[in-house]
Amino acid sequence: MTQPNERHALVIGGSIAGLLAAQVLTKYFNRVTIIERDHLSAQPEQRPGVPQAHHLHILLKPPSVFFHLSVLRQVLQRIIKKSDQNWNRSGYNRIPTVY
């Protein structure tokens, strides 16, 4: 039972997003409760309530770690130029955008 002045947050779902949300909420609430329908094991395993669990899941480093900003800008400009060429062959024109 919560006390009248106790702030309590409820997070529905114990996915990565739910767990991260709960972690952030601990800074603003006295109690945080996560409701999850599947049993959460201490070992990594697939859960019945997550149909995409068998897919490969990885966390990537931010692009800034791999590319210097100017290199990333050049790559994007090449992709956009190629895309513009394909669009123009189809009879369409892209609205110019500043990057």
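How far does the backbone nitrogen of Gly49 lie from a polar atom of the side chain of Asp38? The distance is 2.8 Å, and the first legend below returns to Asp38.

This is a predicted model, in which local features need pLDDT of at least 70 and side-chain atom pairs count only at pLDDT 80 or more, while totals for chains, interfaces and linings use all residues. Residues are numbered from 1 along each chain as its sequence is written, and side-chain values use heavy atoms, with hydrogens and water left out.

**View 1. Asp38 and its surroundings in the loop between β2 and α2.** Helices (H or I, at least four residues) and strands (E, at least two) are DSSP runs, numbered from the N terminus. Asp38 is buried because its relative accessible area is 13%; buried means under 20%, exposed over 50%, and partly exposed in between (1.4 Å probe, protein chains only). Leaving aside neighbours within four places in sequence, Asp38 is in contact (heavy atoms within 4.5 Å) with Arg47, Pro48, Gly49 and Val50. With Gly49, a polar atom of the Asp38 side chain lies 2.8 Å from the backbone nitrogen. A polar contact is a pair of N or O atoms within 3.5 Å; within protein, one atom must be able to donate a hydrogen and the other to accept it, and residues adjacent in sequence count only if both atoms are side-chain atoms.

**View 2. A network of salt bridges linking Glu36, Asp38 and Arg47.** A salt bridge is a side-chain nitrogen of Lys or Arg within 4 Å of a carboxyl oxygen of Asp or Glu. By this rule the model has 3 salt bridges. In one of them, Arg47 pairs with Glu36, the closest N and O atoms being 3.5 Å apart. Both residues lie in the loop between β2 and α2 (63-66), so the pair ties together parts that are 11 residues apart in sequence. The side chain of Arg47 also meets that of Asp38 in a salt bridge, at 4.0 Å from N to O. Arg47 counts as buried, at 16% relative accessibility, whereas Glu36 is partly exposed at 22%.

**View 3. The salt bridge between Glu6 and Arg31.** The closest N and O atoms of this pair are 3.5 Å apart. Glu6 belongs to the segment before β1 (8-12) and Arg31 to strand β2, so the salt bridge ties together parts that are 25 residues apart in sequence. Glu6 is partly exposed, with a relative accessible area of 21%. Arg31 also counts as partly exposed, at 33% relative accessibility.

**View 4. Asn30 in the loop between α1 (16-25) and β2 (31-35).** Is Asn30 buried or exposed? Asn30 counts as exposed because its relative accessibility is 57%. When residues up to four places away in sequence are not counted, Asn30 touches Asn5, Glu6 and Arg7. The Asn30 side chain reaches the backbone nitrogen of Arg7 at 2.9 Å. Asn30 and His8 are 22 residues apart in sequence, yet their C-alpha atoms are 6.0 Å apart in space.

**View 5. A nonpolar surface patch made by Val71, Val75, Leu76 and Ile79.** The area of this patch is about 310 Å². Patches are made of residues with over 30% relative accessible area and no salt bridge; like charges are joined within 9 Å, and nonpolar side chains (Val, Leu, Ile, Met, Phe, Trp, Tyr) within 5 Å. Accessible areas come from the Shrake-Rupley method with a 1.4 Å probe, and for residues only the protein chains shown count as cover. Val71 is found in helix α3 (residues 69-89). Val71 is partly exposed, because its relative accessible area is 36%.
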